[in-house]
Amino acid sequence: MEYISGIDRNQCWISSLEDAIDENNPIRFIDNYVSRLDIGEMGFEYSEPQDTGRPAYAPRDLLKLYLYGYFNRIRSSRNLEKECYRNIEVIWLLNGLRPDHKTIARFRQNNPKALKNVFRDFVRFCVGLGLYGKELIAIDGSKFKAWNGKDRNYTKGKIQDRIRRAEEKIAAYLEELERTDKETESEDQARTIEAAILALVKRRTELEGYLERITCGEETQVSLTDPDSRLMKTKDGMSVCLNVQTAVDGKNKMVVEFAVCNQVQDKNLMSPMAEKASEILEADHMTIVADNGYDSVSDVAQVLAGNNIPVVCGGDYEFWYPTTAEEAEVTTGYDETIARSVYIPSRNIYICPMGKFLYPSCYITKKHIAKYGNPSACSHCPKKCTTMRYFYVERMIKKSEFSKECDMSSVPLKKSAFYKTRRSHPKGNVLLNILSEPSNTIWALDSFCFAVSKKQRGNCH
């Protein structure tokens with residue numbers, strides 16, 4: 001019995017590219033979807049052909065190639081160029097066009113906002129198909145390594161240490177140079193030392209320039225290769241990364257919105273993502289789930305102001321209170337990594353980031369500022385929110401409006417039913433229990449919710 005044999009390569013046969021692609025092939029969807037897009041409205045360069053010069057590749061064709069590479073995990077522009085020559089699906093998709101890798105790379109580099117608009121348009125397209133539930137949104141951040149090594153990333157402490165080392169080496173070389181000057185036979189060694197000193201002086205000047213950028217500007221770190229990257233803590237230790245925030249819908253585990261930032265922690269990033277998700281899905285009153293890395297009180301207040309329900313889980317001191325954006329006051333010595341306090345007008349008190357009451361203490365006439373604090377609570381607080389001895393909130397009001405009268409009565413906590421849920425992470429399905437530990441119990445009073453452990457129940461005011 002003979003083996004199965006193929007066709008003769010020299011045999012002529014009549015066929016078309018259309019016959020080579022199955023009618024259920026996903027690339028037909030890519031072709032139809034991109035064909036319906038308004039490329040000019042999306043913001044792509046060269047959306048209209050130029051009157052002069054060599055004809056350019058249509059942005060629509062390059063977008064098809066980019067999306068094909070995304071769906072098939074082909075990121076390299078050189079690999080995409082190879083696919084244009086050998087992949088029958090790409091040949092069909094581009095009608096035989098073969099752009100080189102430089103053209104593909106420039107298209108991706110010059111149209112970042114347009115590609116983001118395409119993503120949002122696709123989300124709206126899926127909303128029309130009913131693929132988004134618009135009820136549960138999970139927000140989380142992921143650290144993506146940047147094209148920047150640790151040796152080319154500088155913090156203020158690292159720069160000061162490097163400058164100190166350079167000065168010590170310069171001093172040592174100067175002592176050695178002074179010693180060699182007395183030895184007439186060591187001229188070559190003296191020239192070598194002088195060259196080393198000049199190199200160290202140049203290096204010190206560069207480091208002083210980096211230090212000035214951090215001291216005078218808003219930057220806390222300087223990265224040379226990738227200026228936007230920052231040194232962050234990951235599961236593998238410290239690494240230079242970018243913080244990618246992602247919002248995922250709970251129905252089909254589909255991404256609603258994403259954003260790339262260089263903030264080291266996730267605090268104060270929940271409300272912007274929730275606002276964008278509400279805008280794209282055109283929905284409110286959604287449950288926004290996040291882990292205890294988003295335990296900023298002002299962030300929670302902003303989510304509530306946007307008519308959504310925040311659930312910050314995993315910790316033992318998180319809470320939320322419905323308030324408006326104007327009622328979320330700025331605290332003294334505020335830092336972006338620290339939560340803000342929330343003002344409760346009906347009781348004339350503040351709630352600090354740890355859930356303690358801050359009562360009106362004094363009024364500064366010259367500055368027209370009222371100060372709220374609770375020294376007794378601060379002295380026993382396990383987490384310090386400020387570098388000052390006590391935590392105070394300043395509020396600019398008229399002296400006639402200032403009053404020390406406030407309602408400091410204790411909150412009668414009562415048990416409230418809550419449910420466990422799960423959320424999907426872009427990298428895979430991840431179970432996330434609202435009740436992170438068996439010892440944690442959800443307590444509620446109307447809209448005032450605490451997540452406290454049984455041991456801390458008596459410490460709540």
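Buried means under 20% relative accessible area, exposed means over 50%, and partly exposed lies in between, using a 1.4 Å probe and protein chains only. Keep that in mind as we walk through this predicted model, where local features need pLDDT of at least 70, side-chain atom pairs count only at pLDDT 80 or more, and totals for chains, interfaces and linings use all residues. Residues are numbered from 1 along each chain as its sequence is written, and side-chain values use heavy atoms, with hydrogens and water left out.

**The whole chain**

Start with everything shown as a cartoon. The chain has 13 helices and 19 strands; helices (H or I, at least four residues) and strands (E, at least two) are DSSP runs, numbered from the N terminus. Of the 461 residues, 41% are buried.

**Stop 1: strand E5**

Select residues 237-249, which form strand E5. Here 11 of the 13 residues are buried, so E5 is largely enclosed by the rest of the structure.

Which strands pair with E5? Two strands pair if DSSP finds at least two bridges between them. Add residues 136-145: this is strand E1, antiparallel to E5 over 9 bridges, with Ile 139 opposite Ala 247 of E5. Next add strand E4 (residues 230-234), which pairs with E5 in the antiparallel sense over 5 bridges. Leu 231 has Val 240 of E5 as its bridge partner, and a hairpin with 2 residues between the strands links E4 and E5. Finally, show E6, antiparallel to E5 over 6 bridges; Val 244 is matched there with Val 260. The hairpin of E5 and E6 has 5 residues between the strands, and in it Lys 253 takes a positive phi near 60°.

**Stop 2: either side of helix H11**

Two loop residues come next. Asn 268 sits in the loop between strand E6 (255-261) and H11, with phi near 70°, a positive value in a residue other than glycine. His 285 lies in the loop between H11 and strand E7 (287-290), and its phi, near 55°, is also positive. Is each one buried or exposed? Asn 268 is buried, at a relative accessible area of 18%, while His 285 is exposed, at 56%.

Now select helix H8 (residues 112-128) and helix H11 (residues 270-281), whose axes come within 9 Å and cross at roughly 55°. Axes are lines fitted to C-alpha atoms, for helices over the stretch in contact, and angles run from 0 to 180 degrees between N-to-C directions. Angles under 35 degrees count as roughly parallel, over 145 as roughly antiparallel, 65 to 115 as roughly perpendicular and the rest as oblique, so H8 and H11 are oblique to each other. Show the side chains of Arg 120, Val 123, Arg 124 and Val 127 in H8, and of Lys 276, Ile 280 and Leu 281 in H11, to see the contact (heavy atoms within 4.5 Å).

**Stop 3: the largest core**

A nonpolar core is a set of buried Ala, Val, Leu, Ile, Met, Phe, Trp, Tyr and Cys residues joined through side-chain atoms within 4.5 Å. The largest one has 26 residues, and Phe 44, Leu 63, Leu 65 and Val 118 have the most contacts inside it. Helix H4 (59-71) is among the helices supplying at least two residues, and its 5 residues are the largest share. Center on Phe 44: beyond its neighbours within four places in sequence, its contacts include Ile 39, Pro 59, Phe 107 and Leu 115.
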